[in-house]
Amino acid sequence: MKIEPVATERLLLHPLTVPEGERIAAREPLPEDRWAEGYPGVGDLASVNALLRRCAEDGDPGAYRTYQIRLREGGLVVGGIGFHGPPGPDGAVTVGYGIVPGERGKGYASEALAAVIGIAREAGAAVLRGDADPANVPSHRVMERAGMRRVGEGDGLVRFLVELGR
């Protein structure tokens, strides 16, 4: 399934394919790949490996996949964002994201998350969830800026969500 990239003001969310995911998992960029220092990080590798498993077991996940966060100007990959899987029976999806340390604090995560909320809404999800470590206040702010509200704590995490409607 061909999923189109999603452009924001400063970013391009590039939907990863299996071959791209395999290269990222192996940490083998092509000469034309522009990876920021620190990419792929631990979270990126976990997300890419989960995408590869889902593709192998269930086929292409459509919109509910992992996306590289690239700068529109120059194409530098500064992080990743993606869904933990398709919607559950309640229509909810969970998102995770990360920006390389040298590019944090520039609003990229908030901009990417706002775009992913739009992707989830268009793909038919009813709710988008996210969570963060209680000490990761910058991540709390990212979710709040994107319109998510704090709904509680559990299992050592602070939980956020936004209702998308159907």
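Helices and strands here are DSSP runs, with at least four residues for a helix and at least two for a strand, numbered from the N terminus. With that in hand, let's explore this predicted model together.

**Exercise 1. Find where Gly74 sits, and say whether Gly74 is buried, partly exposed or exposed.**

Solution.
- Step 1: Look at the strands on either side. Gly74 belongs to the loop that joins E3 to strand E4, residues 77-83.
- Step 2: Check the relative accessible area, which is 47% for Gly74.
- Step 3: Partly exposed covers the range between 20% and 50%, so Gly74 is partly exposed.
- Step 4: Now look across the chain. Arg34 is 40 residues away from Gly74 in sequence, and their C-alpha atoms are 8.4 Å apart.

**Exercise 2. Describe the surroundings of Thr66.**

Solution.
- Step 1: Place the residue. Thr66 is part of strand E3, which covers residues 66-71.
- Step 2: Judge its exposure. Buried means under 20% relative accessible area; Thr66 has 4%, so Thr66 is buried.
- Step 3: List partners, setting aside neighbours within four places in sequence. Thr66 is then in contact with His14, Pro15, Leu16, Ser47, Leu51, Ile81 and Gly82.
- Step 4: Pick out a polar partner. The side chains of Thr66 and Ser47 form a polar contact at 2.9 Å.

**Exercise 3. Track down some backbone features in the loops: which peptide bond is cis, and what is the phi of Arg27 and of Asp155?**

Solution.
- Step 1: Start with the peptide bond from Tyr39 to Pro40, which is cis with omega near -5°. Pro40 lies in the loop between helix H1 (18-25) and helix H2 (42-58).
- Step 2: Stay between H1 and H2, where Arg27 is also in the loop. Arg27 is not a glycine, yet its phi is positive, about 55°.
- Step 3: Move on to Asp155, in the loop from strand E7 (149-154) to strand E8 (157-163). Asp155 too is a non-glycine residue with a positive phi of about 55°.
- Step 4: Asp155 has a relative accessible area of 75%, so Asp155 is exposed.

**Exercise 4. Step back and describe the whole protein: how many helices and strands does it have, and what is its radius of gyration?**

Solution.
- Step 1: Count the elements. There are four helices and eight strands, in the order β-β-α-α-β-β-β-α-β-α-β-β from the N terminus.
- Step 2: Compare with a compact globule. For 166 residues, such a globule would have a radius of gyration near 15 Å; the protein has 15 Å, so the two agree.
- Step 3: Look inside. Buried residues account for 47% of the 166 residues.

Conventions:
Residues are numbered from 1 along each chain as its sequence is written. This is a predicted model: local features need pLDDT of at least 70, side-chain atom pairs count only at pLDDT 80 or more; totals for chains, interfaces and linings use all residues. Side-chain values use heavy atoms; hydrogens and water are left out. Buried means under 20% relative accessible area, exposed over 50%, partly exposed in between (1.4 Å probe, protein chains only). A polar contact is a pair of N or O atoms within 3.5 Å; within protein, one must be able to donate a hydrogen and the other to accept it, and residues adjacent in sequence count only if both atoms are side-chain atoms. Contact means heavy atoms within 4.5 Å. The radius of gyration is taken over C-alpha atoms; the globule rule is 2.2 Å times the number of residues to the power 0.38.
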